[in-house]
Amino acid sequence: MAEPLVRFEGVRKAYGAAASGYAVQRLDLEVEKGELLTLLGPSGSGKTTTLMLLAGFEMPSEGRILLGGRDIARLPPHRRGIGVVFQSYALFPHMSVAENVAFPLEVRGVPRAARAERVRKALAMVRLESFGERRPTQLSGGQQQRVALARAMVFEPPIVLLDEPLGALDKALREEMQYEIRALHQRLGLTMMYVTHDQQEALTLSDRIAVFEGGRIRQLAAPRRLYEQPENAFVAGFVGENNRLPGVVRSAPEGEGRDRAIRVMLDSGTEVLARPVDAGAPGSRCLVAVRPERVAVAAILASEMGEDALSARLVEVIFQGDHVRLRLSLGDGAEVVAKRPVGAGMLPEPGTLVSVAWDPAHAHAFAAEG
Ligand code: ADP
Ligand code: MG
């Protein structure tokens, strides 16, 4: 196995006295050369702190950080050679675009002639060749962020860190920039560590995603695996949309592989089959999670649809362009959301009594958290 480019080993970080808590609880994390690894999590979960520790703007309270196999504890930020892009573009307003991009080269003593060529290349990478003479204020937000990206890459750092770089952009531009960063990463084989609280952005961009909560990684996996096989209720709730139905475990697991299942008595009164993830023993509280796109709705009685089907009332049908969203109410007031592609057949009228069901292989049972 090749040495990972970055390795966090048992890293903890307290900003004040340890007794007042750790912003990063205990971090063991490796970044492979050439990968785009995203730190995804709610505000305050320790994502920025993790980047700052690697960049050298903060020091760990415990543990080690290795870059290319070397402990970087004693290296100040500018000697780590890491490129950084923040949400606020932090371009120098009094310098031209080209001067901004040339700045890291100047600091590193690259001769003038070589500088010009590398600046030209870096600007071409972000499709801003002809903007070198402008001031940052003469550019749009998206263009400014591309300049910041060019400036972070121009000195060919081994890794580029990006902290919510698209946070200030509107939705359309943000999505366009996501594809652009993804393409840049793939074309140049750049190693990137990317921070966002936006799960859609993380799914779009990443080779792997580390989901943070309270200073800990709750799951580290490729986007598809994270979405389809969340390892705990937090990840199931944070990545993508999930119906979360509380209940009580009724039986120990039976069956093998894809058929492995437990029975759960939902609080709404129906017993269903689900795949156990980290659900406890019979008698313990749990949460059954089902993606809206996995919920089938039929305008027939639940008893005709199958023994696991639930009775529900269709509350509302919301047109969302590429799909319709059905809000359904179960007996005890709990709601289930279903998504259907537009044009996938007739829909019952709101108010109608319908039945709701899903393939138990797509129902995950988690230990109830918190
Ligand atoms: P995120 O980037 O995921 O929103 P942060 O890493 O910024 O999270 O913050 C993690 C925790 O550390 C939060 O509780 C935050 O309030 C605290 N924190 C962050 N920066 C500082 C700081 N400079 N001084 C004290 N506490 C901080
Ligand atoms: Mg942050």
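Helices are DSSP runs of H or I with at least four residues, numbered from the N terminus. In this predicted model, helix 5 spans residues 141-153 and contains Gln143. Apart from neighbours within four places in sequence, Gln143 makes contact with Leu128 and Phe131. Gln143 is separated from Arg258 by 115 residues in sequence, and the C-alpha atoms of the two residues lie 48 Å apart in space.

The chain is assigned two domains, with domain 1 covering residues 6-233 and domain 2 covering residues 242-367. By these bounds, Gln143 of helix 5 falls in domain 1, whereas Arg258 falls in domain 2. The centres of domain 1 and domain 2, computed over C-alpha atoms, are 39 Å apart. Seven residues of domain 1 and nine residues of domain 2 take part in the contact.

About 660 Å² of area is buried between domain 1 and domain 2. Carbon and sulfur atoms contribute 47% of this area. On the side of domain 1, the residues that lose the most area to domain 2 are Tyr227, Pro230 and Ala233, which together account for 68% of what that side buries. With respect to polar interactions, three residue pairs are in polar contact across the interface of domain 1 and domain 2, both residues of each pair being at pLDDT 80 or more. Salt bridges across this interface number zero under the rule applied.

In terms of secondary structure, helix 8, residues 223-228, gives the most to the side of domain 1 that touches domain 2, with three residues. Tyr227, one of the residues named above for area lost to domain 2, lies within the bounds of helix 8. Sorted by class, the side of domain 1 that touches domain 2 consists of four nonpolar residues, one polar residue and two charged residues.

Ligand 1 is surrounded by Tyr15, Ala23, Pro42, Ser43, Gly44, Ser45, Gly46, Lys47, Thr48 and Thr49. These positions lie within the bounds of domain 1. Polar atom pairs with ligand 1 involve both backbone and side-chain atoms of the protein. A backbone N or O atom of Gly44 is placed 2.6 Å from an oxygen atom of ligand 1. For Lys47, an N or O atom in the side chain is 2.8 Å from an oxygen atom of ligand 1. In the case of Tyr15, a polar side-chain atom is 3.5 Å from a nitrogen atom of ligand 1.

Conventions
Residues numbered from 1 in each chain as written. Chains lettered and ligands numbered in written order. Predicted model: local features only at pLDDT ≥ 70, side-chain atom pairs only at ≥ 80, totals over all residues. Heavy atoms only, no water. Domains from an automatic or database assignment. Contact = heavy atoms within 4.5 Å. Buried area = accessible area lost by both parts, 1.4 Å probe. Salt bridge = Lys/Arg side-chain N within 4 Å of Asp/Glu carboxyl O. Polar contact = N/O pair within 3.5 Å; in protein donor to acceptor, adjacent residues only side chain to side chain. Helix = DSSP H or I, 4+ residues; strand = E, 2+ residues; numbered from the N terminus. Nonpolar A, V, L, I, M, F, W, Y, C, P; charged D, E, K, R; others polar. Near = heavy atom within 4 Å.
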